[in-house]
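Grab a pencil and work through these exercises with the model open beside you. Try each task yourself before you read the solution.

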Amino acid sequence: MMQQNAAPMKAIILYDSKTAGGSTDRLIDSIGLELAKTGAYVEKAKCKAQADYSFIQEFDVVIMGAPIYYLLVSSQLLGALVQSNLKKNLKRKKIALFLTCGSPEPMATLLYMPQLKIHLVPNKILTEKIFSPQQLSDPAVIEEFVDELTEAYSKATRKRHSSMHWSEEAREELNGLPSFLRGRIKTGVEEYAEDMGYSTITPAVLNEAKADLGGM
Ligand SMILES: Cc1cc2nc3c(=O)[nH]c(=O)nc-3n(C[C@H](O)[C@H](O)[C@H](O)COP(=O)(O)O)c2cc1C
């Protein structure tokens, strides 16, 4: 089944910086404005290591990033991923990542980006970008980041259900369900499988989806 993006994307920029009004603050405002131009609803929230992140549930996309200080991603964002319920609330969310730093891109890709990505293994990463100091206020670079994000988002949502394959065993299990429930459960399981990056629905995926959807 093809599904069009019925509602505008709801995105939250979840960020950290030790510098009020610094380069990261300016960057996220530019990203927010550029994204809003596409019709998206955008909010921003500054991370605290210990906070309640259940509000993330309201958003389709989480744009997450921070500067590097002394070789580490800024501490409140890293702390939130370890100490709070942020990771739990990011489950099945589509993510875009950014970093601001002074190091060359290859070094940042190798040393800094994995500090975030290691916590986001099950997530769909729509796009990622390391912003060098020269790029932070370059409208073309920010526009490119937002374009990549919106394209990947619409591709991910447009493709939904169209290419999902069911194993024979899983299909048998589905066909064993009462017919009035089958369609709804099929859609729910396909959405789950796609969000988790599975291309085939097996009985194991069905069980996972059941647990995730609170028992079907
Ligand atoms: C105290 C301090 C330490 C920094 N350490 C690093 C570093 O280890 N690696 C790096 O690539 N950039 C480093 N930078 C550069 C910052 O990541 C970069 O300037 C960033 O854009 C700063 O964001 P802000 O203006 O929001 O604080 C450091 C900057 C500062 C001020």
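**Exercise 1.** Is Leu71 buried or exposed?

*Solution.* Keep in mind that you're looking at a predicted model. Start by finding the residue: Leu71 sits in the loop between strand 3 and strand 4 (72–73). Next, count its neighbours: 11 other C-beta atoms lie within 10 Å of Leu71. A residue with 12 or fewer counts as exposed, so Leu71 is exposed. While you're there, check the backbone: phi of Leu71 is near 75 degrees, a positive value in a residue other than glycine.

**Exercise 2.** Work out how Arg92 should be classed, going by its C-beta neighbours inside 10 Å.

*Solution.* Look in the loop between helix 3 (86–89) and strand 5 (94–100), where you'll find Arg92. The count for Arg92 is 15 C-beta neighbours inside 10 Å. Buried needs 20 or more and exposed needs 12 or fewer, so Arg92 counts as partly exposed. The phi of Arg92 is positive too, near 70 degrees, and this residue is not a glycine.

**Exercise 3.** Describe the surroundings of Pro67 in strand 3.

*Solution.* Strand 3 covers residues 61–69, and Pro67 is part of it. Count first: there are 24 other C-beta atoms within 10 Å, so with a cut-off of 20 or more, Pro67 is buried. Now skip the neighbours within four places in sequence and see what else Pro67 touches: Ser17, Thr24, Ser74, Thr100 and Cys101. Finally, try a distance in space: the C-alpha atoms of Pro67 and Tyr112 are 9.6 Å apart, though 45 residues separate the two in sequence.

**Exercise 4.** Describe how helix 1 and helix 6 pack.

*Solution.* You need two numbers here, because a pair of packed helices is described by the angle between the axes and the distance between them. For helix 1 (residues 23–37) and helix 6 (residues 139–158), the angle is about 55 degrees and the axes are 9 Å apart. That angle makes helix 1 and helix 6 oblique to each other. The crossing of helix 1 past helix 6 is right-handed. Who does the touching? Helix 1 brings Ser30, Ile31, Glu34 and Leu35, while helix 6 brings Ile142, Glu143, Phe145 and Val146. Sort the residues in this contact of helix 1 with helix 6 by class and you get five nonpolar, one polar and two charged.

**Exercise 5.** Which two domains is the chain divided into, and what distance separates their centres?

*Solution.* Read off the bounds: domain 1 runs over 10–159 and domain 2 over 164–212. Taken over C-alpha atoms, the centres of domain 1 and domain 2 are separated by 31 Å.

**Exercise 6.** Describe how helix 9 packs with helix 8 and with helix 7.

*Solution.* Take helix 8 (residues 179–195) to begin with: its axis comes within 9 Å of the axis of helix 9 (residues 203–212), and the two cross at roughly 100 degrees. Helix 8 and helix 9 are therefore roughly perpendicular. Gly188, Val189, Tyr192 and Ala193 of helix 8 meet Val205, Leu206, Ala209 and Asp212 of helix 9. By class, this contact of helix 8 with helix 9 has six nonpolar residues, one polar and one charged.

Then turn to helix 7 (residues 168–175), which packs against helix 9 at about 45 degrees, with the axes 8 Å apart. Helix 7 and helix 9 are therefore oblique. Here Glu169, Ala170 and Glu173 of helix 7 meet Pro203, Val205 and Leu206 of helix 9. The class count for helix 7 with helix 9 is four nonpolar, no polar and two charged residues.

How values were computed
Residues numbered from 1 in each chain as written. Predicted model: local features only at pLDDT ≥ 70, side-chain atom pairs only at ≥ 80, totals over all residues. Axes fitted to C-alpha atoms, helices over the stretch in contact; angles between N-to-C directions. Helix = DSSP H or I, 4+ residues; strand = E, 2+ residues; numbered from the N terminus. Parallel < 35°, antiparallel > 145°, perpendicular 65-115°, else oblique. Left-handed = near helix turned anticlockwise from the far one by under 90°. Contact = placed C-beta atoms within 7 Å. Nonpolar A, V, L, I, M, F, W, Y, C, P; charged D, E, K, R; others polar. Domains from an automatic or database assignment.
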